[in-house]
Amino acid sequence: MRNLENKIEQKIKNTIKKYRLLNKSDKIVTAASGGKDSTVILYLLKKFGYNVSALHINLHLGKYSDRCQEAVQELCKQQDIKLHVVDIKKYFGTRMCYIRQGVQQNTNVSNCMVCGIVKKWLLNKEARKLGADKIVTGHHLDDESQTIIMNFLQGNLMLGANSGPETGSLKDKKFVPRIKPLYFIPEKDIKEYSLAKKLPVIYEKCQCAVSSLRIKVRAFMQNKPAETKEKIVNNFLKILPRLKKQLHQQKIIYCDICGEPSRNEICKKCELLNLNNTK
Ligand code: SF4
Ligand SMILES: [Zn+2]
């Protein structure tokens, strides 16, 4: 096990160095869900000596959300990490389930799509308020290879133009760059690491993750070896600079409704939530 621990830690350090993801002086906010991925990267960044705090968004998905928040609180207490909790009800007046049900009355976007857009919007806004230089997320090799396949299946690799170990193509004072130090780490290794270190983690899956394209792609990719997933991301990284170049040509403006950075007059979050007349 010691070998796996050393291998993972070294690989993450190499990714941070190779892609210049972090500086020791950076103020880092890690999006901490209570799941294994964000818990492991939060734990490791603290271990590596970075100036890191945790940001947890409580989505009020029943008891599941309570357990997730408790796990994050436990880790932060154990590791002496500052924790910021954002309550979705305080922002939007209701739970994530109601937000997405409202949106889905008028459009057929998946549960995770609505949730993901709202979380991304909140994360940027809250991290900026905290003065963060970088937002760290727990996306890993399996997530990233699935996303590339999904974009391909949707006939639009440009959807991934803002990805890679650093989501840095949006250069704007109101946008906090998001980085993924676990980009090259297989999910199963992260799970093993979290178990070996006995980290407080919620392993159960979110009940709302149903019927999305990701679930189908995940099932298809499940038994593929890590080398296949590495090939997918490495090949994608070769064309990413060209995609980013195209993306850079689009201007960043501020959303007419919420004032957050956006490529269009109305940002994705407001576009979705306005279908439900919720801001
Ligand atoms: S699995 Fe989907 S619905 Fe559940 S928290 Fe994650 S993004 Fe939201
Ligand atoms: Zn907006």
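Me: Where in the fold is Lys 198 placed?
Reply: Lys 198 is in the loop between helix H8 (187-196) and helix H9 (213-221). Do keep in mind that this is a predicted model.

Me: Why is Lys 198 called exposed?
Reply: The cut-off for exposed is over 50% relative accessible area. Lys 198 has 71% relative accessibility, so it counts as exposed.

Me: What makes the phi of Lys 198 worth a second look?
Reply: Its phi is positive, about 55°, although Lys 198 is not a glycine. Most residues other than glycine have a negative phi. Arg 20 is another non-glycine residue with a positive phi, near 45°. Arg 20 is found in the loop between helix H1 (2-18) and strand S1 (27-31), and at 73% relative accessibility it counts as exposed.

Me: Moving back into helix H1, why is Thr 15 called buried?
Reply: Buried means under 20% relative accessible area, and Thr 15 has 5%, so the label fits. Thr 15 is found in helix H1. Leaving aside neighbours within four places in sequence, Thr 15 is in contact with Arg 20, Leu 21, Pro 181 and Phe 184.

Me: How do you know which backbone oxygen lies by the side chain of Thr 15?
Reply: The distance tells you: the backbone oxygen of Lys 11 is 2.9 Å from a polar atom of the Thr 15 side chain. A polar contact needs a separation within 3.5 Å, and 2.9 Å meets that distance limit.

Me: Now to the metal. What makes certain cysteines donors of the zinc ion (ligand 2)?
Reply: A donor atom has to be within 2.8 Å of the zinc ion. The SG atoms of Cys 255, Cys 258, Cys 267 and Cys 270 lie 2.2 to 2.3 Å from the ion, so these are its protein donors. Along the chain, the donors follow the spacing C-x2-C-x8-C-x2-C.

Me: Which parts of the chain does the pair Cys 255 and Cys 270 tie together?
Reply: Cys 255 lies in the loop between strand S7 (253-254) and strand S8 (261-262), while Cys 270 is in helix H11 (residues 268-274), so the pair ties together parts 15 residues apart in sequence. Cys 255 counts as buried at 4% relative accessibility, and Cys 270 counts as buried at 1%.

Me: Why is the zinc site called tetrahedral?
Reply: For four donors, that name requires all angles to lie between 85 and 135 degrees. Here the angles among the four donor atoms are 107 to 114°, so the site is tetrahedral.

Me: How do you know whether Glu 260 is buried or exposed?
Reply: Glu 260 has 3% relative accessibility, so it counts as buried. Its place is in the loop between S7 and S8. Not counting residues up to four places away in sequence, Glu 260 touches several residues, including Trp 121, Arg 128, Lys 174 and Cys 255.

Me: What makes the approach of Glu 260 and Asn 124 a polar contact?
Reply: Their side chains are joined at 3.4 Å, and the limit is 3.5 Å.

Me: And ligand 1: which residues are around it?
Reply: They are Leu 59, Cys 112, Cys 115, Lys 119, Cys 206, Cys 208 and Ala 209. The shell divides into six nonpolar, no polar and one charged. Cys counts as nonpolar in this scheme, and Lys as charged.

Me: Lastly, why is Lys 77 called exposed?
Reply: Lys 77 has a relative accessible area of 69%, so it is exposed. Its place is in helix H3 (residues 62-79).

Key. Residues are numbered from 1 along each chain as its sequence is written. Chains are lettered from A and ligands numbered from 1 in the order in which they are written. This is a predicted model: local features need pLDDT of at least 70, side-chain atom pairs count only at pLDDT 80 or more; totals for chains, interfaces and linings use all residues. Side-chain values use heavy atoms; hydrogens and water are left out. A residue is near a molecule or strand if one of its heavy atoms lies within 4 Å of it. Donors are N, O and S atoms within 2.8 Å of the metal (3.2 Å for Na, K and Ca); water is not among the atoms, so sites may look incomplete. Four donors count as tetrahedral if all angles lie between 85 and 135 degrees; four count as square planar and six as octahedral if opposite donors are over 155 degrees apart and all others between 65 and 115; anything else is irregular. Helices (H or I, at least four residues) and strands (E, at least two) are DSSP runs, numbered from the N terminus. Buried means under 20% relative accessible area, exposed over 50%, partly exposed in between (1.4 Å probe, protein chains only). A polar contact is a pair of N or O atoms within 3.5 Å; within protein, one must be able to donate a hydrogen and the other to accept it, and residues adjacent in sequence count only if both atoms are side-chain atoms. Contact means heavy atoms within 4.5 Å.
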